[in-house]
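Got a model open and want to poke at its charged residues and strands? Let's go through it by question and answer.

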Amino acid sequence: MIPEAQLSRRRFIELLAMTGALPLVDRASAMLSTHGMDPRTIVPRAPLVVPPHVRPNGLHFVARERRVAIAPGVMARAWSPSDGPVGDVIDVRRGERATITLENQLVEPTILHWHGLRVPEAADGHPRLAIAPGSSYQYAFPVIDRAGTYWYHSHAHHRTGLQSYRGMVGMLIVRDDEEDRLELPHGEFELPMLIQDRRLAADGTLEYEPVMHEQMEGYFGDTPFVNGIRLPEHEVATTTYRVRLVNATSSRILRVALSTGRPMRLIGNDGGLLPQPVTVESIDLATGERADLLVDFGDQPVGSIVMLRSLPFDAPAGGMGMGMGMGMGRGMGAGGMGRGRMGAGGIPQGGAMDLVAFKVQRAVRSAAWRERPFPEIPAVDPARASTTRTFRFESAMMQHSINGRPFAMDRIDEVVRFGTTEIWTFVNESPFAHPVHMHAVQFRVIAREGGRARLMPWEQGWKDTVAVYPGERVSVLATFDQVRGLFLMHCHNMIHEDMGMMLNFSID
């Protein structure tokens, strides 16, 4: 069932256009004359907007450039498949069939990938299937995956980063009877939040122009956006909320925590519910990873503000990133002199960011969520694996590659026999972190050597993306028993994948 308190499309657009939104450049000149500073730094926080929930049966997306409100009085030019700054939330039940049309009215080819869902080859969004401007693509697939937080995004060749950054992204929520029995917070108490970091030019363009260093480490914005809204805030009551997070940034690792220091209950990740809830004070999410959290505001006084933030940390980037601070003339970072960032802008990897301000507005009498037994997840048995494959991720000399080879559209790098279970080991021999994503399967993380040398609480259960830091060797166990065809494995740092850190594998 679609949550009852979600916004209608019309109301969504009305909220986005509140205060008679002016072009950013007009508002900019007015504020600049008053305050004598860059107007992009003083726009007030905007109400968080949850995009409309839509069903996937006969859904029609039109990808085109739109002028959209990203804050009160602030317009931007986005590329989106829906009417808002990002795509609608697709809400579907396990076992249903999705029939979706993508119409391309952009100025370049595009295609959508259903990240985390195991779908047939023709529906997976491989870049070779990208459609030209003026064309349409028909998706048809059964939803076989368990309840969880998934997402969709552009997978256009060499343009995944740019198109996703500009708005060709959205969330996809799968529900099922198994999860329904847990009676988790729902309706207005369920908050889907797709997180990006962006830079906004004075003319309203979402600025995406990676310079040399950014082509190696990644592209980092200077401001958080959630569901396409800049610097969002959200009014909450004194009760428990279910917060679904998607890290849809181009390259940033988020260390998510509450400003109060209070713990959160982690109940799910990429592939749905964990074996049992885990109490965490923070959680690290690399690009492509998801977290399903229970956040309790029950003991917060009315009028208080609780910030959902990304905490500062030492960037896993061989000494480049945190502490490197301001690029050479390209914006402020987290401190320091900017050595090593070579003209890069934005807040560097590991820099602190305030993501969402939760404003406690009303007290309610609501019992805390009553914990129930979670569905069992089969134990991991590496002995089932018939094959072990090793993949080396290398970033050097302005090139990103796997096993020494950049991506080639017409080359099949690995052939997997349908129905087999394999161990894939990802070895990071570069100075940058690589969130590794596999299409067509969900996997279990079974080992990490070097670097952090342990599995994280958020790496339990089923995953489709795993963060591999410099010097780490991470092994996953996957069974290739649902779909056949040609699929991708790649780094989900969008700069890295666009520059060749992908490979084709065929399930035969």
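Q: Is R362 buried, partly exposed or exposed, and what is its relative accessible area?
A: Quick groundwork: this is a predicted model, where local features need pLDDT of at least 70, side-chain atom pairs count only at pLDDT 80 or more, and totals for chains, interfaces and linings use all residues. Residues are numbered from 1 along each chain as its sequence is written, and side-chain values use heavy atoms, with hydrogens and water left out. Buried means under 20% relative accessible area, exposed over 50%, and partly exposed is in between (1.4 Å probe, protein chains only). R362 is partly exposed, at 37%.

Q: Which residue meets R362 in a salt bridge?
A: A salt bridge here is a side-chain nitrogen of Lys or Arg within 4 Å of a carboxyl oxygen of Asp or Glu. For R362 the N to O distance is 2.8 Å, and the partner is E188.

Q: How many residues apart in sequence are the parts that R362 and E188 tie together?
A: Helices (H or I, at least four residues) and strands (E, at least two) are DSSP runs, numbered from the N terminus. R362 lies in strand β22 (residues 353–362) and E188 in the loop between α4 (177–180) and β11 (190–198), so the pair ties together parts at a separation of 174 residues.

Q: Which strand holds the partner of K359, E233?
A: E233 and K359 form a salt bridge, with the closest N and O atoms 3.9 Å apart. K359 lies in strand β22, and the pair ties together parts that are 126 residues apart in sequence, so look for E233 in β14 (residues 232–237).

Q: In the salt bridge of E108 with R159, is E108 buried or exposed?
A: The closest N and O atoms of this pair are 2.8 Å apart. E108 is in the loop between β6 (97–104) and β7 (112–115), while R159 is in the loop between β9 (148–154) and α3, 51 residues apart. R159 is partly exposed at 34%. E108, at 12% relative accessibility, counts as buried.

Q: What is the nearest side chain of opposite charge to R166?
A: R166 is found in helix α3 (residues 160–166). Lys and Arg count as positive and Asp and Glu as negative, while His and the chain ends are not counted. R166 is buried yet has no salt bridge; 5.5 Å away is the nearest side chain of opposite charge, E65.

Q: Which residue of β11 does R166 touch?
A: Contact means heavy atoms within 4.5 Å. Not counting residues up to four places away in sequence, R166 touches A78, W79, P85, T205 and L206, among others. The β11 residue that R166 touches is R198.

Q: How many of the residues in β11 are buried?
A: In a regular strand the side chains alternate between the two faces of the sheet. From β11, E190, P192, L194, Q196 and R198 point one way, and L191, M193, I195 and D197 the other way. Both sets are buried. The count is nine of nine.

Q: Which residue is the bridge partner of Q196 in β12?
A: Two strands pair if DSSP finds at least two bridges between them. β11 and β15 (residues 240–247) pair in the parallel sense over six bridges, whereas β11 and β12 (residues 223–226) pair in the antiparallel sense over four. In β12, the bridge partner of Q196 is F225.

Q: How many salt bridges are counted?
A: One network of salt bridges links D91, R175, E179, E190, R242, R244 and D292. The count comes to 39.
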